[in-house]
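Please open the model in your viewer and keep the selection panel at hand. The tour below goes from one selection to the next and says what is there.

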Amino acid sequence: MREQFAAVNENMSIFEILTNHPYLIGLFKEYGLGKFEQTEILEKLGPLLKLKTPLKMMGINKGSFVELLNESILEHSKNSDFTLTENPERQKDLTLLALLPCGLKMPFTRAFEAFTTEYNKEHGNSLKYLLEGNVNHELSYYKYIDSVESFEELPDIVISSDINSFYHKSFREHFLEKKGFVDLLPNKINADFEKIAFNDPDSQFTMLSANLLVLVSIDELLEEKPAVESWKDIMTPEFQNGVVMRGQAEFFCNGVLLPFYSLFGMEGITNLARSVRTGVHPSEMVKMIDSGKTDVAPLYIMPYFFAQKIKNKERVSIRIPNEGAIVSPVQMFVKKDSQDKVKGITDFLLSTEFGQLCADAYFPAVNPEVKNVTSHIEELLWLGWDFLKQNDIGQLKKDIEKNFMENFRATGGYV
């Protein structure tokens with residue numbers, strides 16, 4: 001059972017939050033609030049400042065930031081030995097590290113912890129693991145991965161989400177080109193993924209699942225707008241400041257930006273930025289839609305999982321644009337040298353039962369024996385392995401981010 005913890009909120013003082021949870025300073029620093037690391041400033045200003053005040057001054061979305069803080073507190077209370085934000089180098093002590101998309105984390109954790117209980121009984125508590133939300137580490141852990149150079153610095157098994165640092169040039173040169181990982185599903189793939197050639201042709205990534213991103217519209221707000229059938233349609237002048245996507249502070253979802261670049265080039269990034277009104281967590285999008293308000297944006301790029309959470313469904317349409325639902329991958333690395341040692345764990349993660357659990361949570365599984373509840377979504381938009389290998393993904397993301405943020409700010413976008 002999860003240990004209970006006291007959640008923070010926007011009305012608490014900076015001093016109270018950082019005194020009770022000093023490890024949160026890492027997140028504060030990532031969002032430009034690193035001055036509170038100084039004892040003098042924390043003691044003088046911290047007690048007087050409620051969290052919401054500096055967040056408003058910095059233009060940081062309160063709901064998303066508070067959610068990140070509470071996620072970090074929960075993980076710290078459960079894994080008191082160390083946190084990934086504070087000590088990423090200690091990942092080498094783990095058998096498994098999993099950074100999971102929102103929506104998949106809860107069912108994954110429940111199933112894996114039940115498995116772990118039995119596994120450790122048989123193997124003398126040998127399985128050390130850390131399960132965290134991927135969104136917590138977009139700006140922290142993945143920066144650390146860019147500096148890692150040896151297999152000894154990695155866990156035996158890593159599960160990660162989205163197009164992250166494991167696709168960057170440095171990781172490719174230090175790891176992928178050395179063929180130190182093994183694809184445990186090299187010749188097997190679910191029919192839902194066959195036509196997009198989802199399996200890694202170089203047999204380094206074991207593809208597990210996907211987070212499908214779709215377009216949700218509030219139909220009453222589209223009555224006098226052009227038809228929306230393609231991802232390109234949302235970038236027209238009629239939809240300026242009319243789109244919401246996942247974002248926070250200086251970061252917007254690469255799972256959306258990279259596919260838009262692959263389809264429409266840098267001009268497409270410019271046009272998308274002009275269309276985006278704000279960046280929030282998908283749970284905030286659901287709240288916006290269910291609020292019933294008419295002064296919200298008409299279009300939302302969100303995971304299919306969260307689209308299913310909308311209560312006021314008669315107000316919306318869940319749209320699959322002509323190019324397809326965007327595929328944000330969930331992938332696994334298994335060290336070749338550890339393959340035999342971790343076989344019991346990987347057999348569980350690759351089992352039909354575990355794959356079905358993912359699929360039933362609206363994350364389609366690659367396992368060919370699984371019946372995906374998203375099979376009716378016939379068109380899928382995947383970047384493709386040629387694109388990922390032929391581009392310097394890390395540098396490309398920086399170029400895209402620079403262009404996007406300049407145009408986003410120029411048209412009045414906010415977070």
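## First stop: a β-α-β unit

Begin by selecting β1, helix α6 (residues 105-123) and β2, which together make a right-handed β-α-β unit; right-handed here means that, with the strands pointing away from the viewer, the path from the first strand over the helix to the second runs clockwise. Helices (H or I, at least four residues) and strands (E, at least two) are DSSP runs, numbered from the N terminus. This is a predicted model, in which local features need pLDDT of at least 70 and side-chain atom pairs count only at pLDDT 80 or more, while totals for chains, interfaces and linings use all residues. Residues are numbered from 1 along each chain as its sequence is written, and side-chain values use heavy atoms, with hydrogens and water left out.

Now narrow the selection to strand β1 (residues 96-100), where five of five residues are buried, a word that stands for under 20% relative accessible area, with exposed meaning over 50% and partly exposed in between (1.4 Å probe, protein chains only). Leu-96, Ala-98 and Leu-100 point one way from β1, whereas Leu-97 and Leu-99 point the other way.

Next, add the partners of β1, bearing in mind that two strands pair if DSSP finds at least two bridges between them. Strand β2 (residues 129-133) runs parallel to β1 and is joined to it by five bridges, and strand β3 (residues 157-161), also parallel to β1, is joined to it by three bridges. Centre the view on Ala-98, which stands opposite Leu-131 in β2 and opposite Ile-159 in β3.

## Second stop: the cysteines

How many disulfides does a search of the whole structure find? The search finds zero, with a disulfide taken as a pair of cysteine sulfur atoms within 2.5 Å. Select Cys-253 together with Cys-102, which holds the closest cysteine sulfur: the distance from the sulfur of Cys-253 is 11 Å, too far for a bond. Cys-253 is buried, at a relative accessible area of 5%. Moving on to Cys-358, one finds this residue in no disulfide either, the nearest cysteine sulfur being that of Cys-102, 15 Å away; Cys-358 is buried as well, with a relative accessible area of 6%.

## Third stop: salt bridges

A search of the whole structure finds 14 salt bridges, each being a side-chain nitrogen of Lys or Arg within 4 Å of a carboxyl oxygen of Asp or Glu.

Select Asp-162 and Arg-246, whose closest N and O atoms are 3.8 Å apart. Asp-162 lies in the loop between β3 and α8 (169-174) and Arg-246 in the loop between β5 (243-245) and β6 (247-248), so this salt bridge ties together parts that are 84 residues apart in sequence. Asp-162 counts as buried at 3% relative accessibility, and Arg-246 counts as buried at 16%.

Then select Lys-389 and Asp-202, whose side chains meet in a salt bridge with an N to O distance of 3.3 Å. Because Lys-389 lies in helix α15 (residues 385-390) and Asp-202 in the loop between α9 (191-194) and β4 (206-218), the pair ties together parts that are 187 residues apart in sequence. Lys-389 is partly exposed at 32% relative accessible area, and Asp-202 is partly exposed at 27%.

Finish with Asp-219 and Arg-319, which form a salt bridge at 3.7 Å, N to O. Here Asp-219 sits in the loop between β4 and β5 and Arg-319 in strand β10 (residues 316-319), distant parts of the chain that are 100 residues apart.
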